[in-house]
Amino acid sequence: MSGGSDGTLRRTLSALRHDPPAVAGTVVLLLLLVVGVAGRWLAPAGVNDVDVDQMLRPPSLDHPFGTDELGRDVLSRVLVAARVSLEVGLVSVGIALLVGVTVGLLAGWYRGWVDNVLMRGMDVLFAFPVLLLAVAIVAVLGPGLVTAMVAIGVVYTPIFARVTRAGVLSVREQVFVRAAVSIGASDARIIRRHVLPNIAAPLIVQTSLSLAFAILSEAALSFLGLGVQPPDPAWGRMLYDGRGFVTEAWWLGVFPGAAIFLTVLAFNLVGDALRDVLDPRQLTVSEANRSRA
Amino acid sequence: MSSTPPPAAGVAGTGPAAGDADAPVLAIEDLTVTIGTRRGPARAVAGVDWSVRAGQTLALVGESGSGKSMTVLAATGLAPRAARVTGRVRLLGEELTALPEPRRRQLRGRHVGFVFQDPMTSLNPVLTVGRQVSEACEEHLGMTRRQARDRAVELLDLVGIPLPGRRVEEYPHQFSGGMRQRVVIAMALACEPALLIADEPTTALDVTTQAQIVELVADLRRRLGTAVVWITHDLGVVAGVADTVAVMYGGRIVERGDVDAVFDAPAHPYTRALLAARPDPQHAGGDLPAIAGAPPSPLDLPPGCAFWPRCPVRGDARCEHELPPLVPVAPGHEVRTFCPGGEDA
Amino acid sequence: MSTGPSHAAGEPLAELDDLRVWFPAGGGVQVRAVDGVSLTVRRGETLGLVGESGSGKSTTGLALLRLVDPTSGHVRVGGRDVTRWSRRRLRGLRRRVAMVFQDPQASLDPRRTIGASVAEPLVVHRLVDSAQARGRRVAELLELVGLRADLAGRHPHELSGGQRQRVGIARALAGEPDLIVLDEPIASLDLSVQAQIMNLLRALQRDLGLTYLFIAHDLAAVEHMSDRIAVMYLGRIVETGTPAQLYRQPAHPYTAALLSAVPVADPKVERRRRRIILSGDVPSPVDPPGGCRFRTRCPQARPDCVEVDPVLVEVAAGQRAACLYAGEAVRAMRGGPA
């Protein structure tokens, strides 16, 4: 993007630095990224190393998160599963972003029947409870990682479409957009150069919040047995598998649960902070003050 | 013109300006406002003095950043939180700066009426205009709902709104821009204030509507004896409404005096340049004698005369480095410049 | 034509012919923003278009770039009828006709540099073939409007209001247009800056042979800038003429009222003057009054003003007014009892 975004980026970063929850969230996310990329090498044991002598052992020095009913190391499985969660989150939100933003741009820019058709479609998707829709999609396409990604992507598409459309509707009324039309710029150029950069802020916020929900949804799907298939580890699946041992082996549920909790919390903290910093009204006020001063 | 109805009973009396008619309703002395910003302190107003008496209109003229609005906001205790205000402000003889905020608020609410630029943002869209006009009467005059409603009808009638008995039940969006500004004026007059502060009240209005509002305020001032402080950037409006004028630039008064004196013999190069830069229907054609540059930022004021960088006279190094004092050039006409009069003419 | 414009105006450059622009306003009603406007802008002249809010003056300006869709009537630019042109073809039109907007802050994309904004017409119409050429042209344009070329790297919020409006003018000049629609170009500027911008616009017109449609509510500015003036009220042109004609001998009561409402920066004149205060407000353009549209506020309205919708008729050489009692009504307003 152009230099204006650099200014925004710099301001955003400096504002985030002074927000302790956002710093904590960012640190957790960075750790998660490292684990997601390098989990396989960080893991002390193989995810599917079955050891019948070490079944359902509580946390110890050898197995800091304990072992499961097949004697597998829970820490290793939690670390490796981070990759799945991240992948599902990024790919599904990527799908939602791509489709949702396209739909929102078309609907908001062209309005009229285009808007009606597209947004009523989005409304239909939006009307379903998130999980029910995902389950229905998985039921049609069959369970698995890719299906889970597609299902979650579809579920979060309407949110992006709505955020985008709302942004486009307000930006298209700005005088600078009319100015671009008045010099003969094409629709594609106006959307790319003037509209998108000016609606980036709410989209960034929505992306970080949606990542949290997507990871939660993946966990839920896996919990229901509709996501990642055994023996591959996934946090939701591990939670599901551990539910039978709640009384005798609490570590089976607690550690993957904590991983989900921390990840979702981190994305939410960063998302909320971004929302505060990138709030267009705040930007407008500070910019107005600066121009007045 | 006489499209406004005669004063309704109970409205015609002069406000609470008891006693000496010559005592100022509002007097400010050495008022200075510094606002903390991210880029350092901004000196919005510096050492401003003026006063306004009952039945008089003082026009504060200036461009954006001149400090004209901030002067009045600070004087009435409405400056933003980040502002540090020093100086003395007397409202009806009471020293406002010495009072605790609740008492100050009470005095302000009772004796000062405000009219701002955009009537729509001054009105609450979900309340009837009647409720809004009479709210102050309930608050400060202890009226009942019923009395307050009657008073609202009276006030709407006073400001020339037709069918006030019916319109009192309507909402702001049902009024046109000019009529909304009349409602705001009615609100401002609800407690028979001694002082009316009008901050660019006609800037958002069309010129024919502006003429209506100018006439209305002039008429109300005559009939009610209200003191008026009219803030504007429009020299034409000043000529039409003011008894005395204070021209502000860079947070200071650069020239003030009787309206005729200032317009007949503008002494400050800025005042002269402003008057000359207006297109004049009598002398069409040719370039306008424009003032170069832009008004200074309150964050970055020149050490000497604030107008020096743009001044067509461009005196000597003294203008650049030394602040000229506000000195009389004629009785009741003062100017802050080392180069008074038409030396450049 | 002794009272005509001082310099001979060229051939018609842009024409509006009985133009109507109605906008749907919900509930099946139509806002008649422009309701039967015919006007001609001649090459090399400045045509001033003056009116209050709701008069349709801005919509009229937008129609010249076909930024609004006419409900009926014709828009001709450079002899070609562009009323039904496709979106694609209109992009070419918008190189020939440019626009400067009221609020220079709002009309510049806050996230793009000054240079990018000024260069946009060059890019859109492929007028330069390299980044270097574009940079040179942007520098040239900035200097043309009195700005330093190194401002190209700045963002709009780093400039003053007057500088921003100069940027808006530089952008309008980039495509080397024949006609520039100036929509209230000085209204949101500080008083001391307005004169600079008016001088700049006049100098550019002299040097580049530009044609202007100058839209404003400020009569004094319009008078100063224009060779001819058209006064609009409620979607119609009510009077046209030279500035001198309209100032000395307005024939339409609305023109006279507008003139009398403009404050003069002279307290003695202000005290002496008799303002013609119009009663009430401009009626809704959804349901304009039948007959003469001004009759509901006209101090001189007579019974047949309700019946007859007046057309523009010549009252002096080059001056036309749409009033059944053109001239006479104004004399009565000015001389008669208030």
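This is a short guided tour of a predicted model, with a selection to make at each stop.

**Before you start: confidence**

Colour everything by pLDDT. For the complex, the predictor reports an ipTM of 0.83 and a pTM of 0.83. Chain C has a mean pLDDT of 91, with 96% of its residues at 70 or more. Now select residues 1-8 of chain C: the pLDDT there is below 50, and the stretch makes 13 contacts in the model beyond near neighbours in sequence. In chain B the mean pLDDT is 86, and 91% of the residues reach 70 or more. Here the part to pick out is residues 1-19 of chain B, where the pLDDT is below 50 and the model holds 40 contacts beyond near neighbours in sequence. Keep both stretches in a colour of their own as you go on.

**Stop 1: chain A by itself**

Hide the other chains and show chain A as a cartoon. You should find eleven helices and zero strands. Turn chain A along its principal axes and the C-alpha trace spans about 75 × 45 × 30 Å.

Next, select helix H4 (residues 112-127) and helix H6 (residues 145-171) of chain A. Their axes come within 9 Å and cross at roughly 135°, which makes H4(A) oblique to H6(A). The crossing of H4(A) past H6(A) is left-handed. Which residues make the contact between H4(A) and H6(A)? Show side chains for A:Met119, A:Met122, A:Leu125 and A:Phe126 on H4(A). Facing them on H6(A) are A:Val154, A:Thr157, A:Pro158, A:Ala161, A:Arg162 and A:Arg165. Sorted by class, this contact has seven nonpolar, one polar and two charged residues.

**Stop 2: where chain C meets chain A**

Bring chain C back. The contact joins 28 residues of chain C to 23 residues of chain A. On the chain C side, select helix H2 (87-96), strand E6 (97-100) and helix H3 (114-124), the elements that each give two or more residues to this contact. Coloured by class, the chain C side shows eleven nonpolar, eight polar and nine charged residues.

**Stop 3: two helix pairs inside chain C**

Stay with H3(C) and add helix H4 (residues 131-144) of chain C. The axes of H3(C) and H4(C) are 10 Å apart, at an angle of about 110°, and the two helices are therefore roughly perpendicular to each other. Their crossing is right-handed. Zoom in on C:Gly115, C:Val118, C:Ala119 and C:Leu122 of H3(C), which meet C:Arg134, C:Arg137, C:Val138, C:Leu141 and C:Leu142 of H4(C). By class, the contact of H3(C) with H4(C) has six nonpolar, one polar and two charged residues.

For the second pair, select helix H5 (residues 161-174) of chain C and helix H6 (191-208) of chain C. Are H5(C) and H6(C) roughly parallel or roughly perpendicular to each other? They pack at about 20°, with axes 10 Å apart, so H5(C) and H6(C) are roughly parallel. H5(C) passes H6(C) in a right-handed crossing. The residues to show are C:Gly161, C:Gly162, C:Gln165, C:Arg166 and C:Ile169 on H5(C), with C:Val193, C:Gln196, C:Ile197 and C:Leu200 on H6(C). This contact has four nonpolar, four polar and one charged residues.

**Stop 4: where chain C meets chain B**

Keep H6(C) selected and turn chain B on. The contact between these chains takes 36 residues from chain C and 37 from chain B. H6(C) provides the largest share of the chain C side, eight residues. Other elements that supply at least two residues each are helix H7 (219-225), helix H8 (243-248), helix H9 (253-261) and helix H10 (267-272) of chain C. The chain C side divides into 19 nonpolar, nine polar and eight charged residues.

**Stop 5: the two domains of chain B**

Finally, show chain B alone and give each domain a colour: domain 1 is 54-64 + 99-248, and domain 2 is 252-279 + 290-336. Their centres, taken over C-alpha atoms, are 31 Å apart. Eleven residues of domain 1 and 17 residues of domain 2 take part in the contact between them. On the domain 1 side, select helix H9 (235-241) and strand E9 (244-249) of chain B, the elements giving two or more residues. E9(B) gives the most, five residues. The domain 1 side divides into seven nonpolar, two polar and two charged residues.

Terms used
Residues are numbered from 1 along each chain as its sequence is written. Chains are lettered from A and ligands numbered from 1 in the order in which they are written. This is a predicted model: local features need pLDDT of at least 70, side-chain atom pairs count only at pLDDT 80 or more; totals for chains, interfaces and linings use all residues. Two residues are in contact if their C-beta atoms, placed from the backbone, lie within 7 Å. Helices (H or I, at least four residues) and strands (E, at least two) are DSSP runs, numbered from the N terminus. Ala, Val, Leu, Ile, Met, Phe, Trp, Tyr, Cys and Pro count as nonpolar, Asp, Glu, Lys and Arg as charged, and the others, Gly among them, as polar. pLDDT is the predictor's confidence in each residue, from 0 to 100. Axes are lines fitted to C-alpha atoms, for helices over the stretch in contact, and angles run from 0 to 180 degrees between N-to-C directions. Angles under 35 degrees count as roughly parallel, over 145 as roughly antiparallel, 65 to 115 as roughly perpendicular and the rest as oblique. A crossing is left-handed if the near helix is turned anticlockwise from the far one by less than a right angle, and right-handed if clockwise. Domain bounds come from an automatic or database domain assignment.
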